[in-house]
Every structure is written in structure tokens, then in C-alpha cells.
Amino acid sequence: MDFSSGLPPGGKMDSASKEQLMSQVKQQIALANAQELLQKMSEKCYKKCISKPGTTLDNSEQKCIAMCMDRYMDTWNLVSRVYGQRLQRESSRMS
């Protein structure tokens with residue numbers, strides 16, 4: 001991705017442009033994280049819950065998929081929260 005094409009002559013960005021660029025980058029990172037979460041969750045839960053692929057899921061497969069996805073999301077949220085807290089602690093130590 002080439003961010004330099006939007007720079008004014010001289011290559012300097014004002015504060016508002018920097019904030020807008022940072023916002024766009026954060027949105028792209030969040031989207032990539034969400035896509036990764038969905039892909040990994042689908043992959044793991046499919047392997048765990050679907051023994052005989054077919055055109056429909058039986059009741060036990062449906063329950064397994066739902067529980068697996070719930071657990072995966074809970075774990076993802078816990079890890080994300082703890083990681084964020086750790087980053088804040090490390091950041092405050094460096095300040």
C-alpha cells in the first residue's frame with residue numbers, strides 16, 4: 001500500500017491528515033483481525049465438530065459448533081483484553 005501518493009508537495013502531513021491516516025490504518029487492522037478470527041474459528045470448530053461433512057448439520061453438530069464458537073470468542077476476548085492491559089502496563093513503565 002502506497003501512502004505517499006496522498007502527501008502534499010514536500011512530503012509533510014498536517015495533524016488532521018495524520019489522524020485520518022491513523023484512523024484508516026486502525027480500521028484496516030481491525031478488519032484484518034476480524035477476518036482472521038472468523039477464519040480460524042471456522043477452521044477449528046469445523047475440525048472439532050464435523051465428523052461426516054454433508055449438506056446439513058445434525059443437532060449434535062449444531063450444538064457443538066455453537067458452543068465451540070462461543071468458547072473461541074470468549075477466549076479471543078480474554079486474550080485481547082489481557083494483551084491490551086499488558087501493553088498499557090508496559091507503556092506506563094516506559095513513560
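**Exercise 1.** Find what share of the residues in the chain is buried.

*Solution.* Start with the length: this predicted model has a chain of 95 residues. Buried residues make up 9% of them. Next, look at the surface: the chain exposes about 8100 Å², and carbon and sulfur atoms supply 56% of that area.

**Exercise 2.** Work out how helix α1 and helix α2 are oriented to each other.

*Solution.* First, list the elements: the chain has two helices and zero strands. Helix α1 covers residues 15-49 and helix α2 covers residues 59-94. Second, take the geometry: the two pack at an angle of about 140°, and their axes are 9 Å apart. Third, compare the angle with the cut-offs: over 145 degrees would count as roughly antiparallel, and 65 to 115 as roughly perpendicular. The angle of about 140° fits neither class, so α1 and α2 are oblique to each other. Finally, the crossing of α1 past α2 is right-handed.

**Exercise 3.** Describe which residues bring α1 and α2 into contact.

*Solution.* Begin on the α1 side, where the residues include Asn33, Leu37, Lys40, Met41 and Cys45. Now turn to α2, whose partners include Glu61, Ile65, Cys68, Tyr72 and Trp76. Sorted by class, this contact has twelve nonpolar, one polar and five charged residues.

**Exercise 4.** Decide whether Lys40 is buried, partly exposed or exposed.

*Solution.* Place the residue first: Lys40 lies in helix α1. Its relative accessible area is 33%. Buried needs under 20% and exposed needs over 50%, so Lys40 is partly exposed. As a last step, look across to Tyr72: Lys40 and Tyr72 are 32 residues apart in sequence, with a C-alpha to C-alpha distance of 9.3 Å.

Note on methods:
Residues numbered from 1 in each chain as written. Predicted model: local features only at pLDDT ≥ 70, side-chain atom pairs only at ≥ 80, totals over all residues. Heavy atoms only, no water. Helix = DSSP H or I, 4+ residues; strand = E, 2+ residues; numbered from the N terminus. Buried < 20%, exposed > 50% of the residue type's maximum accessible area, 1.4 Å probe, protein only. Areas by Shrake-Rupley, 256 points an atom, 1.4 Å probe, with all protein chains shown as cover. Axes fitted to C-alpha atoms, helices over the stretch in contact; angles between N-to-C directions. Parallel < 35°, antiparallel > 145°, perpendicular 65-115°, else oblique. Left-handed = near helix turned anticlockwise from the far one by under 90°. Contact = heavy atoms within 4.5 Å. Nonpolar A, V, L, I, M, F, W, Y, C, P; charged D, E, K, R; others polar.
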